[in-house]
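Here are my notes on the model you asked me to look over. Have it open next to you while you read.

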Amino acid sequence: MKGGDLRSIGEANNVVKEINNQDDFDNVFRGLFHSDRKVVMRTADVIEKTTIQNPKFLLKHKKEILALCNSVQHIELKWHLALFVSRLSLTEKELGIVWQLLTKWATDNKESRIVRVNSLQSLYNLLHVNQELEQDFKLTINEVTKDNIPSINARIRKFGK
């Protein structure tokens with residue numbers, strides 16, 4: 001997972017193939033706290049890809065993930081967190097906190113476009129868990145649409161399909 005630069009995923013795709021159980025996942029998860037930013041980014045990529053099919057692997061790490069969401073500094077970790085935080089099983093209170101955070105990231109024009117798009121995607125995913133948030137989601141969509149950013153608008157169009 002080391003070496004190269006931040007634009008490279010290194011051996012992340014090979015690591016994904018090697019995760020067969022919770023212990024394997026837990027060993028990889030520790031990489032989110034590595035001192036090397038590239039290792040952290042690649043670890044986040046592995047976690048994101050792995051939990052598409054196996055979101056249950058995240059359950060054990062919910063507290064750590066939520067804490068990371070509140071302290072994240074680097075955009076490449078933030079854009080991954082934005083996606084896999086919606087795969088957590090959240091209490092009503094946690095859902096409210098995550099929803100607020102993702103809305104903030106999605107609407108902040110100082111955030112990277114990838115963070116904003118992924119935050120919108122996560123909000124959309126969470127909407128399926130709690131339909132009561134639909135009006136809030138529509139308000140967020142209306143706000144970010146005003147920025148007229150092609151990548152964001154393209155993602156929004158996918159929500160309508």
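The points below cover confidence, the largest pocket and three of the salt bridges.

1. First, the usual caveat: this is a predicted model. Confidence averages a pLDDT of 90 over the chain, and 91% of the residues score at least 70. Ranked by mean pLDDT, the elements run from helix 1 (residues 12-18), lowest at 76, to helix 6 (residues 92-107), highest at 97.

2. Watch the start of the chain. Over residues 1-9 the pLDDT stays under 50. The model still gives that stretch 26 contacts beyond four places in sequence, and I'd read those contacts with the low score in mind.

3. On to the pocket. The largest one holds about 190 Å³ of space. It is lined by 15 residues, and Leu32, His34, Val40, His74 and Leu77 are the closest to its centre.

4. What is that lining made of? By class, seven of the residues are nonpolar, five are polar and three are charged. Helix 3 (37-53), helix 4 (62-71) and helix 5 (75-84) each put in at least two residues, with helix 3 giving the largest share at three.

5. There are seven salt bridges in the structure. One of them joins lysine 49 and aspartate 45, whose closest N and O atoms are 2.9 Å apart. Both sit in helix 3, and because they are four residues apart, about one helical turn separates them. Lysine 49 is partly exposed at 29% relative accessibility, whereas aspartate 45 is buried at 7%.

6. Lysine 62 and glutamate 94 make another salt bridge, with 2.8 Å between the closest N and O atoms. This pair links distant parts of the chain: lysine 62 belongs to helix 4 and glutamate 94 to helix 6, 32 residues apart. Glutamate 94 has 19% relative accessibility, so it counts as buried, the cut-off being under 20%.

7. The last pair I'd flag is aspartate 147 with arginine 116, where the closest N and O atoms of the salt bridge are 2.6 Å apart. Aspartate 147 lies in the loop between helix 8 (134-145) and helix 9 (150-159), and arginine 116 lies in helix 7 (residues 113-127), so the bridge ties together parts that are 31 residues apart in sequence. Is arginine 116 buried or exposed? Buried, with a relative accessible area of 1%. Its partner, aspartate 147, is partly exposed at 30%.

Methods
Residues numbered from 1 in each chain as written. Predicted model: local features only at pLDDT ≥ 70, side-chain atom pairs only at ≥ 80, totals over all residues. Heavy atoms only, no water. pLDDT = per-residue confidence, 0-100. Contact = heavy atoms within 4.5 Å. 1 Å grid on protein atoms, 1.4 Å probe; cavity = no way out; pocket = protein on both sides within 12 Å on 5 of 7 lines; lining within 4 Å. Points joined across faces, edges and corners; volume = space filled by probe spheres on them. Nonpolar A, V, L, I, M, F, W, Y, C, P; charged D, E, K, R; others polar. Salt bridge = Lys/Arg side-chain N within 4 Å of Asp/Glu carboxyl O. Buried < 20%, exposed > 50% of the residue type's maximum accessible area, 1.4 Å probe, protein only.
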